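Trainee: Before we look at anything in detail, could you take me through how the local features of a model like this one are read?

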Amino acid sequence: MPKKQDRRLRVGVLGCGAIAQAAHFESCTKAANADLYAICDVADDLRERMAATHAPQKSFSDYDVMLADPDLEAVIIATSDAFHVPAAIRALEAGKHVLCEKPLATSVEEAESLRAATAKSGKRVQVGHMKRFDPGLQAAKAFIDGGMGDMVALKAWYCDSTHRYPMTDAVQPLIIASAAAKKPSENPKADLDRYYMLAHGSHLVDTARYFAGEIVAVDARLSNRGGMRCWFVDVEFANGSLGHLDLTVAVRMDWHEGFQIYGANGSILGKTYNPWYYKSSEVDIFDEATGASSRVLGADGHFYRRQLEGFADTILTGAPQAGADVEDGIASVRAMVAIAHSVKSGQPVRLADVSGAL
């Protein structure tokens, strides 16, 4: 656990559900430059239990009352997807910085509504694409930006596993639920094509953009056979490289996630683990100049804590934002909507042409 710094960002977590329990409460407690200042949830039983466990300085049942606290500096929005943008806008209007869980929104218009609110507020908005804080992915990005030269092609895959729940149950804290929890008007899992894309595809799309930059167009196919959904997506990147994404839920094997990148002066091969293991990706970087491969150990693989520390660093010291910003969040939503449109039409779709919801 990193040593606490003298100046730490005072963070409030909105939502005491699964993602807060599995990731954000612990991250605030362990972060070197942040503290769990407050928690907020409408479910009294859940909030009181989490307050007893994680010991924030303050506990709130009303979000607006938490936002009115002058000592609160930033919020982590750990709610259902449908509540992300409204909660983010309220925080920005109250003068608070925002770290919002991914996906940023469920429609292009809703995502883009956060752009103006962010600019007007002058506050930081970061989207919770925590894989950008995987030391293995960061090493790959450094080589891409450094010695690799022109990128030729990127292949990336994110394949959830039928065995992930017994495996994650062994390492995650016991997740507590409440019958009084606030739920969106529509069940997010009523449409599994939509749910899987938002929950898992958002990671895959952001990883591709992190490495290869802007996505211009997609040509997608979806298979629903054998109890699994499989998206194959051909991607046109603005940098001219070829792209192919594979999102499959759920494969009959171990968690299967990774990427291959081919460049003019080298190549990268990455294997990523189930995120709840907090194990850095194994990334082999072959440099043509030396004729040798290298692999960073990445001993600190707590992506969620590292994500919060990066967010806090931009606020406390003015450091460059290493995490996904509001434009990255918007672009990810736009790409997912484009994939859905391409599946439906059977034709390539340009991201600039899409609108509407997933």
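Mentor: We will go through helices, backbone geometry, a buried side chain and the cavities, keeping in mind throughout that this is a predicted model.

Trainee: Let us begin with helix α1, residues 18-30; how does its reach from first C-alpha to last stand against what is expected at 1.5 Å a residue?

Mentor: The general idea is to set the end-to-end reach beside the expected span, and for α1, which has 13 residues, the reach is 18 Å, close to the 18 Å expected. The helix nevertheless bends by about 35°, and the residue at which this bend is found is His24.

Trainee: Which residues of α1 are buried, and what do they pack against?

Mentor: An α-helix has 3.6 residues a turn, so residues three or four places apart point the same way. In α1 the buried residues are Ala20, Gln21, Ala22, Ala23, His24, Phe25, Ser27 and Cys28, so that His24 appears both in this list and as the site of the bend. These buried residues pack against the strands β1 (9-14), β2 (34-40) and β4 (74-77), and against the helices α2 and α9 (303-316).

Trainee: What does the check on span give for α5?

Mentor: The 14 residues of α5 should span 20 Å at 1.5 Å a residue, and because its end C-alpha atoms are 21 Å apart, the two values agree. Its buried residues are Val108, Ala111, Leu114, Ala117 and Thr118, and the elements that cover them include α4 (84-93), β6 (125-127) and α10 (326-345). Just after this helix, Gly122 takes a positive phi of about 75°.

Trainee: Which residues other than glycine have a positive phi?

Mentor: Here one looks at the sign of phi together with the residue type, and two cases to consider are Ala55, with phi near 55°, and Tyr278, with phi near 50°. Ala55 is found in the loop between α2 (44-54) and β3 (58-60), and it counts as exposed because its relative accessibility is 57%, where the cut-off is over 50%. Tyr278 is likewise in a loop, the one between β12 (266-272) and β13 (282-287).

Trainee: Where are cis peptide bonds found?

Mentor: For these the angle to read is omega: the bond from Lys102 to Pro103 is cis with omega near -10°, and the bond from Val249 to Ala250 is cis with omega near 0°. Pro103 is placed in the loop between β5 (97-100) and α5 (108-121), whereas Ala250 is in strand β10, residues 242-251.

Trainee: Is Arg209 buried or exposed?

Mentor: Arg209, in helix α8 (residues 192-212), has a relative accessibility of 14%, and because buried means under 20%, it counts as buried. Leaving aside residues up to four places away in sequence, it touches Arg132, Ile215, Asp328 and Ala331.

Trainee: How many cavities of 30 Å³ or more does the structure hold, and what lines them?

Mentor: There are two, and for each one reads the volume and then the character of the lining. The largest has about 60 Å³ of space, and its lining divides into six nonpolar residues, four polar and one charged, with β7 (151-161), α8 and β11 (256-263) each supplying at least two; among the lining residues are Trp157, His203, Glu257 and Thr272. The second largest, of about 30 Å³, is lined by Met130, Lys131, Asp134, Thr272, Tyr273, Pro275 and Phe303, which divide into four nonpolar, one polar and two charged.

Notes
Residues are numbered from 1 along each chain as its sequence is written. This is a predicted model: local features need pLDDT of at least 70, side-chain atom pairs count only at pLDDT 80 or more; totals for chains, interfaces and linings use all residues. Side-chain values use heavy atoms; hydrogens and water are left out. Helices (H or I, at least four residues) and strands (E, at least two) are DSSP runs, numbered from the N terminus. Buried means under 20% relative accessible area, exposed over 50%, partly exposed in between (1.4 Å probe, protein chains only). Contact means heavy atoms within 4.5 Å. The expected span of a helix is 1.5 Å times one less than its number of residues. The bend at a residue is the angle between axes fitted to the seven residues ending there and the seven starting there. On a 1 Å grid over the protein atoms alone, a cavity is a set of points where a 1.4 Å probe fits but cannot get out, and a pocket is an open set with protein on both sides within 12 Å along at least five of seven lines; lining residues have an atom within 4 Å of a point. Grid points are joined across faces, edges and corners, and a volume is the space filled by probe spheres set on the points. Ala, Val, Leu, Ile, Met, Phe, Trp, Tyr, Cys and Pro count as nonpolar, Asp, Glu, Lys and Arg as charged, and the others, Gly among them, as polar.
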